[in-house]
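This report starts from one residue and works outward to the whole chain. Look at the sequence and the model first.

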Amino acid sequence: AADATGVTLRTVTLREPELPEALASGAIDLALGSLPRLRAGFYQQALFHQAYVCLMRAGHPAADAPVGRAAFQSFDHVRVEAHGTGHAQVEEHLARLGLQRRVRLTVPDFVALGHVLASTDLVATVPERFAERVCGALGLRARPLPGRALISVIHQFWHAGMHGDAGHQWLRARIAALFGDGRART
């Protein structure tokens with residue numbers, strides 16, 4: 001608000017298959033996220049890298065111990081579907097590691113996940129930046145996943161038609177400054 005009085009932002013949720021056309025048509029200006037199928041044919045800038053972690057309530061029986069393979073597989077899990085995002089890589093990564101989860105609840109997104117975890121012994125595999133936001137506020141703990149870490153890169157994507165637009169350049173720079181980890185490249 002201080003940097004651009006009068007600017008209004010609107011966020012929308014689109015599934016990954018809809019993004020190329022929405023960007024090309026100008027229906028949306030930027031796509032943000034881990035969107036592996038959107039890389040070709042669009043400008044992109046890496047904003048930050050993050051690992052996935054195991055998230056649980058602070059009073060969970062395993063909250064103060066390392067999470068090994070056997071413990072991870074013995075937990076009751078919440079699976080976040082987050083359709084239309086790169087979050088599906090979680091399932092692929094766990095399968096490559098030979099880790100199976102006993103899924104007791106599946107949710108469509110992250111909106112209420114922190115509250116679910118705070119009041120149950122369920123655990124979830126989530127991006128570390130999400131975990132950082134909800135741990136203190138909801139009394140949750142994050143622990144590294146067993147095995148090789150899953151690293152996700154969050155990008156901003158835009159169509160060539162917007163590349164030289166001054167307002168668009170300003171918006172991309174603000175997003176990189178606010179959310180980037182300092183290693184961002186175009």
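Leaving aside neighbours within four places in sequence, Leu-117 is in contact (heavy atoms within 4.5 Å) with Leu-55, Arg-57, Val-78, Leu-122, Val-123, Ala-124 and Leu-140. This is a predicted model, in which local features need pLDDT of at least 70, side-chain atom pairs count only at pLDDT 80 or more, and totals for chains, interfaces and linings use all residues. Residues are numbered from 1 along each chain as its sequence is written, and side-chain values use heavy atoms, with hydrogens and water left out.

A nonpolar core is a set of buried Ala, Val, Leu, Ile, Met, Phe, Trp, Tyr and Cys residues joined through side-chain atoms within 4.5 Å; buried means under 20% relative accessible area with a 1.4 Å probe, protein chains only. The largest such core has 16 residues, and Leu-55, Val-78, Leu-113, Leu-117 and Val-126 touch the most other members. The elements in the table each supply at least two residues of this core.

| Element | Residues |
|---|---|
| Strand E2 | 43–57 |
| Strand E3 | 76–80 |
| Helix H4 | 113–118 |
| Strand E5 | 123–127 |
| Helix H5 | 128–138 |

H5 gives the most to this core, with four residues. Apart from this core lies another, of 15 residues, including Ala-63 and Leu-150.

The protein chain has six helices and seven strands; these are DSSP runs (helices H or I, at least four residues; strands E, at least two), numbered from the N terminus. Buried residues make up 40% of the 186 residues in the chain.

Definitions and conventions:
Buried means under 20% relative accessible area, exposed over 50%, partly exposed in between (1.4 Å probe, protein chains only).
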